[in-house]
Amino acid sequence: MKPRSEQPDGTRTGTGSGTTAAAPEEALADELPAVAPQLRELRRRAGLTLEAAAARARLSPAHLSRLETGRRQPSLPLLLGLARTYGTTVSELLGETPAVADPIVRAGGPGAREADGWTYWQAGGSGRGMQALRVHVPHGRSQGELVRVHPGEEWLYVLSGRLRLHLGEAEHLLEPGDSAHFDSLTPHRIGAAGPGGCELLFVHTLLQSSLAGLCLGAKTTHQH
């Protein structure tokens, strides 16, 4: 039997069987979409030379060049490494288009959540950098006594009832139609000023924060 020889592209050939065994990366070529256009665009967007990007990904410039020109398909572990190098996802590397979030939230859509007497309705889309809620604040419940300090911003608009807002050492009484916009690092707490409670629109930038539960009163939530 004649010995197998390795070709420049990484395959091994042999006359004994008449077949060609593909390298692992090439075996995936039929399974994965071409990533070459995405790799080139992501590197250019990051402002990296071929050499700099290859060094970050722990590849040789020649190997990365073959990936960018479509002469090689990356293995799955290599896809993960390239995604980390460019600060993106494997889905983007594969050219997958994320689903477009529905910008409309219909009345009667997502159900209410209740926590310690407070009731919340979703008023904005999920997966956003801001979260919008419609909130009913009851009168005289313990949540109103919590002083909150956390990164982000908050905006609220009183729909009905009267709202008492404490910002630092100052106290503000808000009537229907009044609004407030403040830095959440300012110690703050809110409560209803009347026996009927109050209802407000509330927007905050805590969606990605581990402290979001504190703002939403997540200690005892349940769905309606």
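## Around helix H5

Just after H5 comes Gly 87, a residue with a positive phi, near 65 degrees. This is a predicted model, so keep in mind that the geometry here is that of a prediction. Helix H5 itself covers residues 76-85, and its buried residues are Leu 78, Leu 79, Gly 81, Leu 82, Ala 83 and Thr 85. As a general point, an α-helix has 3.6 residues a turn, so residues three or four places apart point the same way.

## The chain as a whole

Stepping back, the chain runs to 224 residues, and 35% of them count as buried. Its secondary structure adds up to 7 helices and 13 strands.

As for contacts, take those in the chain with a separation of 6 or more: 61% of them are between residues 24 or more positions apart.

## Where H3 meets H4

Helix H3 spans residues 50-57 and helix H4 spans residues 61-68; the two pack at an angle of about 105 degrees, with 9 Å between their axes. That angle falls in the 65 to 115 range, so H3 is roughly perpendicular to H4.

Who does the touching? On the H3 side, Leu 50, Glu 51, Ala 53 and Ala 54 make the contact, and on the H4 side Pro 61, Leu 64, Ser 65 and Glu 68. Sorted by type, the residues of this contact come out as 5 nonpolar, 1 polar and 2 charged.

## Arg 43, tucked away

Arg 43 belongs to helix H2, residues 36-46. Is Arg 43 buried or exposed? Its relative accessible area is 13%, and because the cut-off for buried is under 20%, Arg 43 counts as buried.

Setting aside neighbours within four places in sequence, Arg 43 is in contact with Leu 48, Thr 49, Leu 50, Ala 53, Glu 68 and Tyr 86. Some of these names have come up already: Leu 50 and Ala 53 are on the H3 side of the contact with H4, and Glu 68 is on the H4 side.

## Rings and a charge

How many aromatic pairs does a search of the whole structure find? The count is 2. Trp 155 and Tyr 157 form a stacked pair, at 6.3 Å centre to centre and with 20 degrees between the planes. Planes under 30 degrees apart count as stacked, so 20 degrees qualifies. Trp 155 is partly exposed at 30% relative accessibility, and Tyr 157 is also partly exposed, with a relative accessible area of 30%.

Another ring has a charge for company: the charged end of Arg 134 sits over the ring of Trp 121, 4.1 Å from its centre.

Conventions: Residues are numbered from 1 along each chain as its sequence is written. This is a predicted model: local features need pLDDT of at least 70, side-chain atom pairs count only at pLDDT 80 or more; totals for chains, interfaces and linings use all residues. Side-chain values use heavy atoms; hydrogens and water are left out. Rings of Phe, Tyr and Trp (its six-membered ring) pair if their centres lie within 6.5 Å; planes under 30 degrees apart count as stacked, over 60 as edge-to-face and the rest as tilted. Buried means under 20% relative accessible area, exposed over 50%, partly exposed in between (1.4 Å probe, protein chains only). A charge sits over a ring if NZ of Lys or CZ of Arg is within 6 Å of the ring centre and within 35 degrees of the ring normal. Axes are lines fitted to C-alpha atoms, for helices over the stretch in contact, and angles run from 0 to 180 degrees between N-to-C directions. Helices (H or I, at least four residues) and strands (E, at least two) are DSSP runs, numbered from the N terminus. Angles under 35 degrees count as roughly parallel, over 145 as roughly antiparallel, 65 to 115 as roughly perpendicular and the rest as oblique. Contact means heavy atoms within 4.5 Å. Ala, Val, Leu, Ile, Met, Phe, Trp, Tyr, Cys and Pro count as nonpolar, Asp, Glu, Lys and Arg as charged, and the others, Gly among them, as polar.
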